[in-house]
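This briefing sets out the main features of the structure shown below. It is arranged by topic for reading alongside the coordinates.

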Amino acid sequence: MGPDLRIGSGWDSHAFVPGRPLRLGGIDIAHPSGLAGHSDGDVLLHAVCDALLGAIAAGDIGSHFPSSDERFRGADSSTFVRHALQLVEAAGWEIVNLDATVILQSPRLGPYATRLRENVAALLSTSGSRVSIKAKTPEGLNLPETAMAQVVILLRYKQP
Ligand code: MG
């Protein structure tokens, strides 16, 4: 019998607004506009969080961190990911790999690729070789002021 596996998917979108810091994958990115949201608007980490929660059928980011809750205003989305990871680990699972796509017109994420990958891997207590973060521009979608993120994550049950 092979290993017990779970797959999770996450998706999120946020609108760019001028004069807000841009935070993606837990790192600050130099750009004249940032992402709107109750928290820091980190669309990538929100999708990571939903993929983790989805893989263990533990609800979604909104059920754990409601945007109606003032405690989460301006929150660092890293705390959401850490919480989701704790639930995953407490249920006996570990990360096999994560594959993410960030879709946005600008800025280009190439210069940040290494830091993004390393930071997300560190947040997930896994190695960079298990984390892939790709960037695409939204060709034909007519969404220049929107950032989207899509994440798939595979978990493996740890041997007792
Ligand atoms: Mg979100």
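Along the sequence, the secondary structure of the protein chain runs β-β-β-β-α-α-α-β-α-β-β, which amounts to four helices and seven strands. The radius of gyration is 15 Å, close to the 15 Å given by the globule rule for 160 residues, so the protein chain is as compact as a globular protein of that length. The model is predicted, and the values below are computed from it.

**Overall dimensions and surface**

- Taken along the principal axes, the box filled by the C-alpha atoms of the protein chain is roughly 50 × 35 × 25 Å.
- Of the 160 residues in the protein chain, 45% are buried.
- Among contacts in the protein chain with a separation of 6 or more, 73% join residues that are 24 or more positions apart.
- The exposed area of the protein chain is about 8100 Å², and 52% of this area comes from carbon and sulfur atoms.
- The protein chain carries 14 positive and 16 negative charges, and the mean positions of the two sets lie 5 Å apart.

**Magnesium site**

- Three protein donors are assigned to the magnesium ion, namely Asp-12 through OD, His-14 through NE2 and His-46 through ND1, at 2.0 to 2.2 Å from the ion.
- Along the chain, the spacing of these donors is D-x1-H-x31-H.
- Asp-12 and His-14 are both buried.

**Loop between β6 and β7**

- Pro-138 occupies the loop that links β6 (131-136) to β7 (146-157).
- The relative accessibility of Pro-138 is 5%, and the cut-off for a buried residue is under 20%, so Pro-138 counts as buried.
- Leaving aside residues up to four places away in sequence, Pro-138 touches Ile-103, Leu-104, Gln-105 and Leu-143.
- Ser-106 is 32 residues from Pro-138 along the chain, and the C-alpha atoms of the two residues are 9.8 Å apart.
- Asn-142 is also placed in the loop between β6 and β7, and this residue, which is not glycine, has a positive phi near 55°.
- Asn-142 has a relative accessibility of 69%, against a cut-off of over 50%, and therefore counts as exposed.
- Glu-145 belongs to the loop between β6 and β7 as well; with a relative accessible area of 49%, Glu-145 is partly exposed.
- With residues up to four places away in sequence left out, Glu-145 touches His-14, Ala-15 and Phe-16; of these, His-14 is one of the donors of the magnesium ion.
- The C-alpha atoms of Glu-145 and Ala-36 are separated by 11 Å, while the two residues are 109 residues apart along the chain.

**Backbone features in other loops**

- A cis peptide bond, with omega near 0°, leads from Ser-106 to Pro-107.
- Pro-107 lies in the loop between β5 (93-103) and α4 (113-123).
- Ala-57 shows a positive phi of about 50° although this residue is not a glycine.
- The loop that holds Ala-57 runs between α1 (43-55) and α2 (61-64).
- Ala-57 is exposed, its relative accessible area being 69%.

Key. Residues numbered from 1 in each chain as written. Predicted model: local features only at pLDDT ≥ 70, side-chain atom pairs only at ≥ 80, totals over all residues. Heavy atoms only, no water. Donors = N, O, S within 2.8 Å, 3.2 Å for Na, K, Ca; no water. Buried < 20%, exposed > 50% of the residue type's maximum accessible area, 1.4 Å probe, protein only. Helix = DSSP H or I, 4+ residues; strand = E, 2+ residues; numbered from the N terminus. Rg over C-alpha atoms; globule rule 2.2 N^0.38 Å. Contact = heavy atoms within 4.5 Å. Areas by Shrake-Rupley, 256 points an atom, 1.4 Å probe, with all protein chains shown as cover. Lys, Arg positive; Asp, Glu negative; His and termini not counted. Charge placed at Lys NZ, Arg CZ, Asp CG, Glu CD.
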